[in-house]
Structures are given as C-alpha cells and as structure tokens.
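This briefing is addressed to a reader who wishes to inspect one structure residue by residue. Please keep the sequence and the coordinates in view while reading.

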Amino acid sequence: MHALHARLPKHFVLEERLERYRDAIETDPRSYAGAWREACTPLDGRQAFRELRVDLGCGKGGFAAESAAREPNVLFVGIDAEPICIAYAAQKAVEGGLDNLVLVPALGSAVDELFSPGEVDRIILNFPTPFPKKRDAWQRLTHLDQLMRYRTVLAPGGSVVLKTDSQPLFDFSLTQFDLAGYRLTWRSSDARRDRPDDPMSWYEERLSAQGATVFGLEAVPGPAPEHVEQTAELSLAEYLPQDLTNLSYVPHGMEGTVTNLRNLRAKRAMGKREG
Ligand SMILES: C[S@@+](CC[C@H](N)C(=O)[O-])C[C@H]1O[C@@H](n2cnc3c(N)ncnc32)[C@H](O)[C@@H]1O
C-alpha cells in the first residue's frame, strides 16, 4: 500500500504535466517527416521558418527555450528520451509563448525516422550522457552509427554542434566524427570563451559552477566514407589521462569510472611494492 502510494503521485504528476503542456508536445512526430517547417508555421500570415534545428537530448529544455526566444524565425525541435524532461521543456515553450519550439519524446536513434533527408540545418548535442562503459557505447549520441544517421537528415551545409564537460567523451567523439567522414569547422577546449553569446544549457550552468571547462566542436559532413568501420576504443576509461592523481575535475557521469580506475591503479602499485 505504501509503495503504491509512493508511486502514484509521481506518475500522476507526469501524466498531468504532459497533458497540461501538450500543445508543445508532438506525440506522432513521424507523420511530420519532410514537412516540419510548414506544419509548425503559425497560421497568422508569418513566413515559413527559415531553419530547423534539433536539440537532441534537450533535457528540461532551457537551452532550446532560450534559443527559440532569441530566434523566432527558426524552428527548434527538442528531443529527449525522458518524458519528464519533455514535460518540463514543454512547460517552458507554453509559458514562454514560444510557437517555434516543439518537444518530442523519442530516442536519438529515431532521428532518421523523424526527419526526411536534408530537412535539418543543425543538430545540437549539449552535454550528452557519456555512457562510459564499452557495452553502452552504442547509446552515445556521438557514436559512429548516430553520426551516420545525422548525415542522412542534415541539409547541405548543415552541422552538428557538440558541447561537453567530458574530455574522454570529447576525444572519443573526435574519432567518431573522423570515421563518419565529417570535417571540423570549430574545435575548442573552452567553448564558453570562444562562443560567449551562446545560450547556456542547464548542465553547462551547473557543471561550470563545479569547475568544468567546456569542450566544443562543430562538424559538417564531408564525402561519405567508403567503409564505415568502428576502429576506436569504446571504453571511455581508455581516454582518461594515465595519471589520475592530479585530475582536478571529474566529468559528469564518470565519477564511478574514475574511482574504479584509481582503486585499480592503487592496488596494482601496492602489489608491485609488496611483490
Ligand atoms: C546530461 S543531460 C543534458 C541535458 C541538456 N542537453 C543540458 O545540457 O542541460 C542528457 C540528456 O540526454 C537525454 N538522453 C540520453 N541519451 C539519449 C538518447 N539516446 N536519446 C534521447 N535522449 C537521450 C537524457 O534523458 C538527458 O535528458
């Protein structure tokens, strides 16, 4: 009974939120593939949107909402796997009167079903979940398979923009952009310094306050690779520096990996001394 009570309100709150802000949520997004801009243009005589940008893994939508407020001629589609995040993001769209921000509950791997070839001008990846373990690497939004999907939906000249506090995820991502035949047009080890006017995502705000510097890149598809083959190390542990004693900032989501590695190395060092 207690357990039931404990669970009910949470579920209820989610359902209620999704319902309250449903005007900004698209629950049948596949039906819009190829027609997002036309379908979302308000019926008040305004011109169709000049660009479509996708905020993939948008979280609670702070970045997408701020971007949409700044650029009313651009259509923003925020996608997240977590319905509760979509509910919060939709609240921002509705309360901010942002008719150029649509939220979609979906996985990043569906991106080539949600959009038609050439329909998307920019794919934004702000602080994507790192999934540090090798066996989870396929879930990273910068995994080779994902980057190949982005290629199909990007318009000519379209780009992918990545920001992350994680040097291992950033270095892994560089290998993936290379394998997927992208060309870097921007690469930074201090994205806030280099692009100070970009809206801040919620994770950027939170992690910068904890001492993170933000790595950033922008990449455009070059000629398609002849062979698409994964040759990179998939465990993010492999991208950490050898000496972890002086690692002053541990990237978000990698606390366990760093602790395990530190313990392992300490044990090895002890073993060597004893042996
Ligand atoms: C660390 S948060 C970053 C949120 C936001 N972009 C920010 O910078 O504040 C990562 C978000 O990505 C979402 N996510 C992770 N993997 C995903 C996937 N494969 N498809 C869609 N969303 C995903 C999570 O639900 C989470 O909301």
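The notes below take up the ligand site and then a set of individual residues.

The model is predicted. Its ligand sits in the largest pocket, and 19 residues surround the ligand. Beyond the ligand site, the briefing covers residues in strands S5 and S4, followed by residues in loops.

**Ligand site**

- Among the 19 residues around the ligand, those that come nearest are Gly57, Asp80, Gly108, Asn126 and Ser201.
- The shell around the ligand is made up of ten nonpolar, seven polar and two charged residues.
- Backbone atoms approach the ligand at several points: a backbone N or O atom of alanine 81 lies 3.2 Å from a ligand nitrogen atom, and a polar backbone atom of asparagine 126 is 2.9 Å from a nitrogen atom of the ligand.
- A polar backbone atom of tyrosine 203 is 2.9 Å from an oxygen atom of the ligand.
- The ligand taken alone exposes 600 Å², of which the protein buries 89%.

**Residues in strands**

- Lysine 163 belongs to strand S5, which spans residues 154-164.
- Is lysine 163 buried or exposed? Lysine 163 has a relative accessible area of 3%, and because this is under the 20% limit, the residue counts as buried.
- The side chain of lysine 163 has a polar contact of 2.6 Å with the side chain of aspartate 198.
- Arginine 122 lies in strand S4, which covers residues 120-126.
- The relative accessible area of arginine 122 is 27%, a value between the 20% and 50% limits, so arginine 122 is classed as partly exposed.
- Arginine 122 and proline 221 are 99 residues apart along the chain, and their C-alpha atoms are separated by 12 Å.

**Loop between strand S4 and helix H6**

- Phenylalanine 127 is located in the loop between S4 and helix H6, the helix of residues 144-153.
- The phi angle of phenylalanine 127 is near 50°, which is a positive value in a residue other than glycine.
- Phenylalanine 127 is buried, because its relative accessible area of 10% is under 20%.
- Phenylalanine 131 is also placed in the loop between S4 and H6.
- What is the value of phi at phenylalanine 131? Phi of phenylalanine 131 is near 40°, again positive in a residue other than glycine.
- With a relative accessible area of 24%, phenylalanine 131 is partly exposed.

**Loop between strand S7 and helix H10**

- Proline 241 occupies the loop that runs between strand S7 (215-221) and helix H10 (255-274).
- Proline 241 has a relative accessible area of 30% and is therefore partly exposed, this value being between 20% and 50%.
- From C-alpha to C-alpha, proline 241 and methionine 270 are 20 Å apart in space, with their positions 29 residues apart in sequence.
- Threonine 245 is likewise found in the loop between S7 and H10.
- Why does threonine 245 count as exposed? Its relative accessible area is 66%, and a residue counts as exposed because its value is over 50%.
- The side chains of threonine 245 and aspartate 243 are joined by a polar contact of 2.3 Å.
- Threonine 245 and arginine 262 are 17 residues apart in sequence, and their C-alpha atoms are 7.9 Å apart in space.

**Loop between helices H1 and H2**

- Threonine 27 lies in the loop between helix H1, residues 2-20, and helix H2, residues 36-40.
- Threonine 27 has a relative accessible area of 70%, so threonine 27 is exposed by the criterion of over 50%.
- How far apart are the C-alpha atoms of threonine 27 and leucine 217? These two atoms are separated by 31 Å, while the residues are 190 residues apart along the chain.

Note on methods:
Residues are numbered from 1 along each chain as its sequence is written. This is a predicted model: local features need pLDDT of at least 70, side-chain atom pairs count only at pLDDT 80 or more; totals for chains, interfaces and linings use all residues. Side-chain values use heavy atoms; hydrogens and water are left out. A residue is near a molecule or strand if one of its heavy atoms lies within 4 Å of it. A polar contact is a pair of N or O atoms within 3.5 Å; within protein, one must be able to donate a hydrogen and the other to accept it, and residues adjacent in sequence count only if both atoms are side-chain atoms. Accessible areas come from the Shrake-Rupley method with a 1.4 Å probe; for residues, only the protein chains shown count as cover. On a 1 Å grid over the protein atoms alone, a cavity is a set of points where a 1.4 Å probe fits but cannot get out, and a pocket is an open set with protein on both sides within 12 Å along at least five of seven lines; lining residues have an atom within 4 Å of a point. A molecule sits in a cavity or pocket if more than half of its atoms lie within 2 Å of its grid points. Ala, Val, Leu, Ile, Met, Phe, Trp, Tyr, Cys and Pro count as nonpolar, Asp, Glu, Lys and Arg as charged, and the others, Gly among them, as polar. Helices (H or I, at least four residues) and strands (E, at least two) are DSSP runs, numbered from the N terminus. Buried means under 20% relative accessible area, exposed over 50%, partly exposed in between (1.4 Å probe, protein chains only).
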